[in-house]
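Please take me through this model in the viewer, one selection at a time. I would like to know what to pick next and what is found there.

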Amino acid sequence: MDYEELERELIHLRRDFHAYPESAWLEFRTCSLISRRLEALGYNVKSGLEVIDTASVMGRPSEEVIARNIQRALSQGADPGQLTRLQGYTGLTAELDTGRPGPVVALRFDMDCVEVQEDTSSSHRPEREGFSSVNTGLCHSCGHDAHVSIGLGVAEALMSERERLRGKVRLIFQPGEEGCRGAYAMMMKGVVDDADYFMAMHIGMGVPSGVFVLNAAGWLATAKIDAEFSGVPAHASASPEKGRNALLAACTATLGLHSIAPHSGGNMRINVGTLNAGTGRNVIADHAAMRIETRGETQEVAEYAYSRAVEVLKGSAMMYGVDVDISKAGEGTTSEGSPELVRVAGEAVRELGIFGRVEESSHAGASEDATWFMRRVQSHGGQAVYFGLGSDITAPHHNGRFDVDEAVMIDGVRALAAITERLMS
Ligand SMILES: [Zn+2]
Ligand SMILES: [Zn+2]
């Protein structure tokens with residue numbers, strides 16, 4: 001494998017995906033181009049409804065938004081044939097079957113961007129070098145553009161080594177990691193049901209360039225909640241008693257949610273991120289919509305936070321005589337890296353000798369829905385791990401000035417390829 005040439009290719013790919021960011025469940029251009037490339041490499045690709053359990057989908061935009069984004073993807077260079085195959089659902093798996101008996105190794109790469117405006121000043125490299133986002137309000141400010149490139153690089157590296165491998169490798173390109181939306185529906189479709197090993201990796205996360213983390217742990221279980229209050233509109237002066245005030249119910253709920261008692265079993269987070277309500281100054285507000293999230297260090301703490309949040313929402317609705325519709329827009333669980341896989345990965349990565357430092361573990365303090373895949377694989381006796389690929393970054397994750405150190409991508413490819421080869425030889 002010519003890693004110098006591959007590195008140039010990865011940077012080119014990453015900059016292309018960076019320029020055309022797509023948010024959760026709308027990764028149509030991204031998904032179609034990945035599918036085309038992996039099929040051309042010789043992978044067996046399944047995509048769209050073949051890899052998504054529609055009954056388990058969370059937080060997917062309306063059909064109208066989907067249709068509009070498919071059109072945008074086409075106008076921005078999506079592969080029309082691959083796009084049609086998706087049937088409106090992003091996500092794909094690409095499998096290489098060596099034909100020889102051996103383990104099934106699954107690797108997860110996420111594809112979505114963040115809903116944040118990219119910085120347009122010349123001190124921001126993507127702007128200066130001409131690959132900043134062309135999609136208003138969307139930016140690859142979590143580094144998933146680098147993840148996609150790394151996934152494509154791993155695909156090339158493993159294909160070039162296929163004669164030496166045994167078993168199967170399955171590359172999972174997941175939609176909607178942001179907001180923990182995409183993994184659950186792929187997991188429920190069974191994409192890791194036969195996997196003996198599962199690996200995921202994130203770039204950056206507070207770890208500098210030159211460092212590889214073997215066991216990124218501390219993911220908080222989370223639920224993303226959408227709450228819609230519906231009341232009755234009325235003249236605010238002539239007949240306020242005839243109204244039912246959804247705005248007040250939502251305000252009461254906001255204060256109630258932020259004052260739920262903490263749990264002695266571990267860290268807990270509750271946040272009301274948005275609240276939109278009302279129609280006019282002199283009208284009793286008949287509608288309020290809230291976006292909320294709850295998180296917990298353990299499944300028990302997370303379930304406590306979620307169930308108390310639901311009670312607060314229902315209680316607030318009852319106080320004001322309005323209805324509330326509560327739905328889950330995303331969910332993630334906790335995870336633990338499998339010690340044996342951490343050990344094997346450590347051997348492979350140290351042997352490569354390309355990292356200045358290899359760390360045993362790190363603490364995330366955020367949430368990640370690859371935890372669903374990890375849990376499913378471990379529940380049937382397989383092993384799972386989440387790696388951290390250190391990268392100097394120019395701003396925090398999810399900030400419009402975020403940029404990664406592109407030089408670490410090739411090291412990420414080499415690490416994942418080396419670990420996979422060790423498991424499959
Ligand atoms: Zn993120
Ligand atoms: Zn991310």
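In which sense do strand 3 and strand 4 pair, and over how many bridges? Select residues 104-110 for strand 3 and residues 168-174 for strand 4: the two pair in the parallel sense over seven bridges. Keep in mind throughout that this is a predicted model.

**Strand 3 and its neighbours**

With strand 4 still shown, find R108, which stands opposite I172 of that strand. Next add strand 5, residues 197-203, which runs parallel to strand 3 and is joined to it by four bridges. On this side V105 stands opposite Y197, and the bridge partner of L107 is M199.

Now show the side chains of strand 3. In a regular strand the side chains alternate between the two faces of the sheet. Here V104, A106, R108 and D110 point one way, while V105, L107 and F109 point the other way. Are these residues buried or exposed? All are buried, and strand 3 is accordingly described as mostly covered, with seven of its seven residues buried.

**The whole sheet**

Widen the selection to the eight strands that form an open sheet, in the order 1-2-4-3-5-14-6-12, with mixed pairing. The edges are strand 1 (44-47) and strand 12 (357-359); each has a single partner strand, so one side of each is left without a neighbour in the sheet. Direction ignored, neighbouring strands are turned by 20° against each other on average.

Two helices to add here are helix 6 and helix 10. Helix 6, residues 144-160, packs on the sheet and touches strand 2 (92-97), strand 3, strand 4 and strand 5. The direction of helix 6 makes about 150° with that of strand 3. Helix 10, residues 339-352, also packs on the sheet, touching strand 5, strand 6 (211-213), strand 12 and strand 14 (383-389). The direction of helix 10 makes about 45° with that of strand 14.

**Helix 8 against helix 9**

Finish with residues 246-258, helix 8, and residues 299-319, helix 9. Their axes are 8 Å apart and the helices pack at an angle of about 150°. Angles over 145 degrees count as roughly antiparallel, and helix 8 and helix 9 are therefore roughly antiparallel to each other. Their crossing is right-handed.

Which residues meet between the two helices? From helix 8 select A249, T252, A253, G256 and L257; from helix 9 select A309, V312, L313, S316, A317 and M319, which they meet. By class, this contact has eight nonpolar, three polar and no charged residues.

Key: Residues are numbered from 1 along each chain as its sequence is written. Chains are lettered from A and ligands numbered from 1 in the order in which they are written. This is a predicted model: local features need pLDDT of at least 70, side-chain atom pairs count only at pLDDT 80 or more; totals for chains, interfaces and linings use all residues. Axes are lines fitted to C-alpha atoms, for helices over the stretch in contact, and angles run from 0 to 180 degrees between N-to-C directions. Angles under 35 degrees count as roughly parallel, over 145 as roughly antiparallel, 65 to 115 as roughly perpendicular and the rest as oblique. A crossing is left-handed if the near helix is turned anticlockwise from the far one by less than a right angle, and right-handed if clockwise. Two residues are in contact if their C-beta atoms, placed from the backbone, lie within 7 Å. Ala, Val, Leu, Ile, Met, Phe, Trp, Tyr, Cys and Pro count as nonpolar, Asp, Glu, Lys and Arg as charged, and the others, Gly among them, as polar. A residue is buried if 20 or more other C-beta atoms lie within 10 Å of its own, exposed if 12 or fewer, and partly exposed in between; C-beta atoms are placed from the backbone. Two strands pair if DSSP finds at least two bridges between them.
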